[in-house]
Amino acid sequence: MRKKIVAGNWKMNLTFEEGQKLTSEIVNMLKDENIKDVIAVLNPPFVHLYPVKKLIGDTPNLFLGSQNCSDKASGAYTGETSAAMLASFGATYVIIGHSERREYFKESNQLLTEKTKQALANGLTPIFCCGEPLEIREAETHEAYVKQQLTESLFDFSPEEMSKIVIAYEPIWAIGTGRTASSDQAQEMHAALRSHLASKFGKELADNISILYGGSANPGNAKDLFSKPDVDGGLIGGASLKSRDFVEIVKSF
């Protein structure tokens, strides 16, 4: 049975005090409202990892994730953070290949393979991002474009390794633009990606991979999005910076 996951990506936001306040509010709300059967993940900037982990404590179904990791295990790579370091802080998830990393830092499909390898080798669950920009969507080549991202980055993994990866589909044209893919558009792409995974790894494995929607989900549209058969949760940006909004999205299943 596929896991239902709502992962909050704080991006480069919040001071120490703001991060502590947000985490505390989320922890208290999740405990008070006794939310079951949904995994919530907080993905703060690196500097927040340890204090956020301490606040999460033993909160049921709430986990710590990172926004990125290095493709190297260790060494003279100033400014980088390894997957082993993240695991030692208590992180259990890591976002790989977010559209902003691909665009601003020119991360290639091949580099993302190496990052995914590092994550898996250290017991982290990769949240592997894929998605198309507006010009690709308007050219109606979006399915081929996103399938190629999966093929080039993930199709050399073994079925056992692939079964430990979460996919996040990001319609880049709907991130921070005020535009949102309709629930039918999201379902269409999620189904296409699941079918593509099945073509390589088999239907049973593909049917058990969680595929999250990462395109400006919010409390107003999350229930409709999550009602679709191939949408297993969300990778949440702006709405994850407001405790009530984030928890309402978690409750939207």
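This report covers two serines, two helix pairs and two loop residues in a predicted model.

## S243 at the start of α12

S243 lies in helix α12, which spans residues 243-250. Its relative accessible area is 8%. The cut-off for buried is under 20%, so S243 counts as buried.

Beyond its sequence neighbours up to four places away, S243 touches L22, E25, I26 and M29. With E25 there is also a polar contact: the two side chains are joined at 2.7 Å. A73 offers a distant reference point. S243 and A73 are separated by 170 residues in sequence and by 34 Å in space, C-alpha to C-alpha.

## S240 in the loop before α12

S240 sits in the loop between β8 (233-236) and α12. Is S240 buried or exposed? It is buried, with a relative accessible area of 1%.

Leaving aside neighbours within four places in sequence, S240 is in contact with G8, N9, W10, L22 and F246. For N9, a polar detail can be added. The backbone oxygen of N9 is 3.4 Å from a polar atom of the S240 side chain. L22 appears in the contacts of S240 and also in those of S243.

## α5 against α7

Helix α5 covers residues 109-121, and helix α7 covers residues 142-154. Their axes come within 8 Å and cross at roughly 55°. That angle makes α5 oblique to α7, because it falls outside the ranges for roughly parallel (under 35 degrees), roughly perpendicular (65 to 115) and roughly antiparallel (over 145). The crossing of α5 with α7 is right-handed.

Which residues make the contact? From α5 come N109, Q110, L112, T113 and T116. From α7 come Q148, Q149, E152, S153 and L154. By class, this contact has seven polar, two nonpolar and one charged residues.

## α7 against α9

α7 also packs with helix α9, residues 183-201. The angle is about 40°, and the axes are 10 Å apart. α7 is therefore oblique to α9. Here too the crossing is right-handed.

On the α7 side, the contact uses H142, E143, V146, K147, L150, T151 and L154. On the α9 side, it uses E188, M189, A192, L193, H196, L197 and F201. The class count is eight nonpolar, three polar and three charged residues. L154 of α7 is listed in this contact and in the contact with α5.

## Positive phi at K106 and E140

Most residues other than glycine have a negative phi. K106 has a positive phi of about 55°, although it is not a glycine. K106 is found in the loop between α4 (99-104) and α5. With a relative accessible area of 66%, K106 is exposed.

E140 also has a positive phi, of about 60°, and is not a glycine. Where is E140 found? It is in the loop between α6 (134-138) and α7. Its relative accessibility is 67%, so E140 counts as exposed. The loop with K106 leads to α5, and the loop with E140 leads to α7. These are the two helices of the 55° crossing.

Definitions and conventions
Residues are numbered from 1 along each chain as its sequence is written. This is a predicted model: local features need pLDDT of at least 70, side-chain atom pairs count only at pLDDT 80 or more; totals for chains, interfaces and linings use all residues. Side-chain values use heavy atoms; hydrogens and water are left out. Helices (H or I, at least four residues) and strands (E, at least two) are DSSP runs, numbered from the N terminus. Buried means under 20% relative accessible area, exposed over 50%, partly exposed in between (1.4 Å probe, protein chains only). Contact means heavy atoms within 4.5 Å. A polar contact is a pair of N or O atoms within 3.5 Å; within protein, one must be able to donate a hydrogen and the other to accept it, and residues adjacent in sequence count only if both atoms are side-chain atoms. Axes are lines fitted to C-alpha atoms, for helices over the stretch in contact, and angles run from 0 to 180 degrees between N-to-C directions. A crossing is left-handed if the near helix is turned anticlockwise from the far one by less than a right angle, and right-handed if clockwise. Ala, Val, Leu, Ile, Met, Phe, Trp, Tyr, Cys and Pro count as nonpolar, Asp, Glu, Lys and Arg as charged, and the others, Gly among them, as polar.
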